[in-house]
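Reader: I'm new to this, so could you walk me through the structure and tell me how you know what you say?
Author: Sure, have a look at it first and then fire away.
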Amino acid sequence: MYQLTGKRILLGVTGGIAAYKAAVLLRLLQQHGAVVRVVMTRNACEFITPLTMQALSGKPVHTELLDLETESAMGHIDLARWADLVLIAPASANFIARYSNGFAEDLLSTLCLATSSPVMLAPAMNQQMWLNAATQENLKKIIARGIAVIGPAEGDQACGENGPGRMIEPEEIASLAAKSFETNILSGSRLLVTAGPTREAIDPVRFISNRSSGRMGYAVAMAAVEAGAEVSLISGPVNLSAPDRAELINVTSAAEMYSAVMQKISTTDIFISAAAVADYSLDTIAEQKIKKSSDSYELSLQKNPDILAEVAALNSAPFTVGFAAETENLELNAQTKLRSKKLDMIAANQVGEDLGFDSEMNALTVFWGAEHKQLQKASKTRLARTLITLIADQYNEKNINKTH
Ligand code: C5P
């Protein structure tokens with residue numbers, strides 16, 4: 001089964017007897033590493049209680065569009081932005097009808113209009129309702145808009161009839177949800193990502209470091225795995241688990257990161273430097289813990305090698321992507337770095353409240369050649385997927401140009 005590590009799934013539950021299976025589905029998605037938030041329609045609450053879903057998800061269940069309390073905690077637009085995937089299971093005939101017509105009179109249908117994330121529906125209804133021309137026309141409309149419809153299955157129904165309309169089993173839904181994240185845009189390519197902070201030792205117990213959580217780099221590694229690349233991840237000290245299908249190389253200091261990168265670089269097609277590498281390290285690391293004595297203490301620092309710039313300067317440099325975290329003059333600083341370090345691409349983010357370092361959300365402006373693209377505020381996993389698509393486009397274009 002494909003993994004869902006770190007994926008944010010908004011599970012929409014609508015009113016139908018199959019709603020009881022949504023509890024099992026929620027558990028399965030979580031077991032595969034997804035973070036799940038649940039939205040239920042009023043009808044769904046007649047079949048399974050929000051309390052059940054709340055206890056299982058460990059998060060408040062959202063049911064109302066115009067609820068002052070929930071809107072102030074996480075409003076419907078935030079929820080729509082939060083999701084990497086909106087999965088509606090079961091999706092009733094009524095919901096499909098409302099969705100196909102673009103209604104926004106309850107929370108779930110509003111979310112579906114407000115999200116730019118992929119939406120997947122697992123229909124469940126009586127076989128006559130499924131076969132009804134109205135339902136079939138509604139389905140055609142939403143499929144034409146790029147919505148994935150999974151199932152239904154045929155067989156015995158809760159109403160005693162037999163035919164198409166049964167929701168496919170939770171195991172299959174979870175597996176298809178995971179598979180929906182897989183593409184092959186980078187299959188056959190070898191990708192090296194650095195992530196996280198580095199630590200520059202002062203003495204055996206102290207170090208200099210930064211606020212990087214490693215989330216962006218890990219999300220990029222995951223997105224690259226899903227794009228079919230062979231991925232190695234060189235990581236500074238973080239509290240994250242690496243994607244299952246990536247090779248993980250742990251390092252601590254910038255010097256260690258430098259040698260780990262250089263060891264791998266000759267077999268790398270694409271290098272993405274998402275790590276917040278320390279620019280300086282100590283001239284000498286004290287062998288014993290430094291004692292508190294004088295009123296002031298000076299540390300003498302030396303410049304670390306710029307791993308990214310050195311990789312980009314290699315004769316047979318891979319396609320090289322840098323990151324630029326800036327607190328001011330984002331565009332100018334990023335473009336200067338793109339040129340001075342001779343990079344193929346740079347992803348720049350403004351460090352600020354709720355964005356960038358140590359945050360789950362980010363917003364990026366990506367620069368390459370004379371072009372740029374703005375990626376709006378979103379979860380790091382979603383941004384990473386868009387970034388990997390941009391990288392794949394430019395990398396493939398560069399390769400085509402090379403061979404002509
Ligand atoms: O110049 P600046 O440090 O802001 O550039 C940031 C980019 O350079 C990031 O991609 C970071 O991973 C990389 N970098 C590096 N080695 C350093 C410092 C930064 O690879 N010593």
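Author: Let's start at the ligand: one of its oxygen atoms lies 2.6 Å from a polar backbone atom of Ala-275. Keep in mind that this is a predicted model.

Reader: What makes the pair of the ligand oxygen and the Ala-275 backbone atom a polar contact?
Author: The cut-off for a pair of N or O atoms is 3.5 Å. The Ala-275 pair is at 2.6 Å, so it counts as a polar contact.

Reader: Which backbone atom is 2.9 Å from a ligand oxygen?
Author: That's a polar backbone atom of Leu-308. Lys-341 joins in with its side chain, where an N or O atom is 2.9 Å from an oxygen of the ligand. Both values fall within 3.5 Å, so these are polar contacts too.

Reader: How much of the ligand does the protein cover?
Author: On its own the ligand has 450 Å² of accessible area, and the protein covers 86% of that.

Reader: Which residues come nearest to the ligand?
Author: There are 13 residues around it, and Ser-273, Ala-275, Leu-308, Phe-323 and Lys-337 come nearest. By type, the shell splits into 7 nonpolar, 2 polar and 4 charged residues.

Reader: What is the space taken by the ligand?
Author: The ligand takes up the largest pocket. Two elements give two or more residues to the shell around the ligand: helix H13 (307-312) and strand S16 (319-326).

Reader: What volume does the largest pocket have, and how many residues line it?
Author: Its volume is about 770 Å³. The lining has 36 residues, with Ala-275, Ala-276, Val-277, Phe-323 and Ala-325 nearest the centre of the pocket. S16 supplies the largest share of the lining, 4 residues. In the lining you'll find 15 nonpolar, 12 polar and 9 charged residues.

Reader: Away from the ligand, which peptide bonds are cis?
Author: One runs from Ala-89 to Pro-90, with omega near -5°, and Pro-90 sits in strand S3 (residues 85-91). Another runs from Gly-151 to Pro-152, with omega near 0°. Pro-152 belongs to the loop between strand S5 (148-149) and strand S6 (153-156).

Reader: What makes Asn-329 worth a look?
Author: Its phi is positive, about 45°, although Asn-329 is not a glycine. You'll find Asn-329 in the loop between S16 and helix H14 (330-340).

Key:
Residues are numbered from 1 along each chain as its sequence is written. This is a predicted model: local features need pLDDT of at least 70, side-chain atom pairs count only at pLDDT 80 or more; totals for chains, interfaces and linings use all residues. Side-chain values use heavy atoms; hydrogens and water are left out. A residue is near a molecule or strand if one of its heavy atoms lies within 4 Å of it. A polar contact is a pair of N or O atoms within 3.5 Å; within protein, one must be able to donate a hydrogen and the other to accept it, and residues adjacent in sequence count only if both atoms are side-chain atoms. Accessible areas come from the Shrake-Rupley method with a 1.4 Å probe; for residues, only the protein chains shown count as cover. On a 1 Å grid over the protein atoms alone, a cavity is a set of points where a 1.4 Å probe fits but cannot get out, and a pocket is an open set with protein on both sides within 12 Å along at least five of seven lines; lining residues have an atom within 4 Å of a point. A molecule sits in a cavity or pocket if more than half of its atoms lie within 2 Å of its grid points. Ala, Val, Leu, Ile, Met, Phe, Trp, Tyr, Cys and Pro count as nonpolar, Asp, Glu, Lys and Arg as charged, and the others, Gly among them, as polar. Grid points are joined across faces, edges and corners, and a volume is the space filled by probe spheres set on the points.
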